[in-house]
Amino acid sequence: MERTDTSAIDSARPAITAELMARTGLDEAMLDHLVRDFYGRVRRDAVLGPIFDRAVHDWDSHLDRLAAFWSSVALMTGRYHGRPMQKHMPLALEARHFDRWLELFRATAHEVCPPAGAAHVIAKAEQIAVAIAANIENQRRGNGLGAEPPRL
């Protein structure tokens, strides 16, 4: 079995990251491109744009943070340190918002990433959408409100 030099990979787990990069065709630059293209679409979207524009005040630093998040999620780099669940709890998100988010994400991933990479990040995005929607639903249920999960 051929060994890959992992010394140049910025990751808490360089061997795992190298394997994911080789298997998916993803790298940091591609994930950054995905994040920037995707959130450009989100900002222009009639359904999602107003929600994100109310919540995000510094898009440059937010996009950098999201690129670190996707690096951690897709390539297991450990670059992101934050609490995405807590950030989404105060937003007025419903199932239709998650459905639209996933629709835009899937389209962007298919355009930006190679097929294996697109499948990888889309699967992660679907897991994230379900988890955040479930947390929001649990919070609302505790408050007597209620929410529908996204349709995958």
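**Figure 1. Surroundings of Arg36 in helix α2 of the predicted model.** Leaving aside neighbours within four places in sequence, Arg36 is in contact with Leu63 and Asp64, where contact means heavy atoms within 4.5 Å. Arg36 and Leu66 are 30 residues apart in sequence, and their C-alpha atoms are 9.0 Å apart in space. Arg36 is partly exposed because its relative accessible area is 30%; buried means under 20% relative accessible area, exposed over 50%, and partly exposed in between, with a 1.4 Å probe and protein chains only. Helices (H or I, at least four residues) and strands (E, at least two) are DSSP runs numbered from the N terminus. The structure is a predicted model, in which local features need pLDDT of at least 70 and side-chain atom pairs count only at pLDDT 80 or more, while totals for chains, interfaces and linings use all residues. Residues are numbered from 1 along each chain as its sequence is written, and side-chain values use heavy atoms, with hydrogens and water left out.

**Figure 2. Asp37 and its contacts from helix α2.** Not counting residues up to four places away in sequence, Asp37 touches Thr108 and Val112. The C-alpha atoms of Asp37 and Thr108 are 7.0 Å apart, with these positions 71 residues apart in sequence numbering. Asp37 counts as partly exposed because its relative accessibility is 29%.

**Figure 3. Ala29, a further residue of helix α2.** Ala29 counts as exposed, because its relative accessibility is 55%. A C-alpha separation of 9.2 Å is found between Ala29 and Ala67, which are 38 residues apart along the chain. Helix α2 (residues 28–44) has the highest mean pLDDT among the elements of the protein chain, at 97, whereas α5 has the lowest, at 72; pLDDT is the predictor's confidence in each residue, from 0 to 100.

**Figure 4. Trp101 in helix α6.** Trp101 is buried, because its relative accessible area is 10%. When residues up to four places away in sequence are not counted, Trp101 touches Phe38, Tyr39, Leu48, Phe52, Trp70, Ala125 and Ala129. One of these residues, Tyr39, is 62 residues from Trp101 in sequence and 9.6 Å from Trp101 in space, C-alpha to C-alpha.

**Figure 5. Backbone of Met76 in the loop between α4 and α5.** Met76 has a positive phi of about 55° although it is not a glycine. Most residues other than glycine have a negative phi. Met76 counts as partly exposed because its relative accessibility is 32%.

**Figure 6. The largest pocket and its lining.** The volume of the largest pocket is about 590 Å³. The lining consists of 25 residues, of which Phe52, His62, Leu66, Lys87 and His88 lie nearest the centre of the pocket. Two or more lining residues come from each of α3 (49–55), α4 (59–75), α5 (84–88), α6 (95–112) and α7 (115–142). Of these elements, α4 gives the most to the lining, with 6 residues. By class, the lining has 17 nonpolar, 5 polar and 3 charged residues; Ala, Val, Leu, Ile, Met, Phe, Trp, Tyr, Cys and Pro count as nonpolar, Asp, Glu, Lys and Arg as charged, and the others, Gly among them, as polar. A pocket is an open set of points on a 1 Å grid over the protein atoms alone, where a 1.4 Å probe fits, with protein on both sides within 12 Å along at least five of seven lines; lining residues have an atom within 4 Å of a point. Grid points are joined across faces, edges and corners, and the volume is the space filled by probe spheres set on the points.

**Figure 7. The protein chain as context for the close-up views.** The secondary structure of the protein chain comes to 7 helices and 0 strands. Of its 152 residues, 42% count as buried. Residues 24 or more positions apart account for 69% of the contacts with a separation of 6 or more. The protein chain averages a pLDDT of 87, and 88% of the residues score at least 70.
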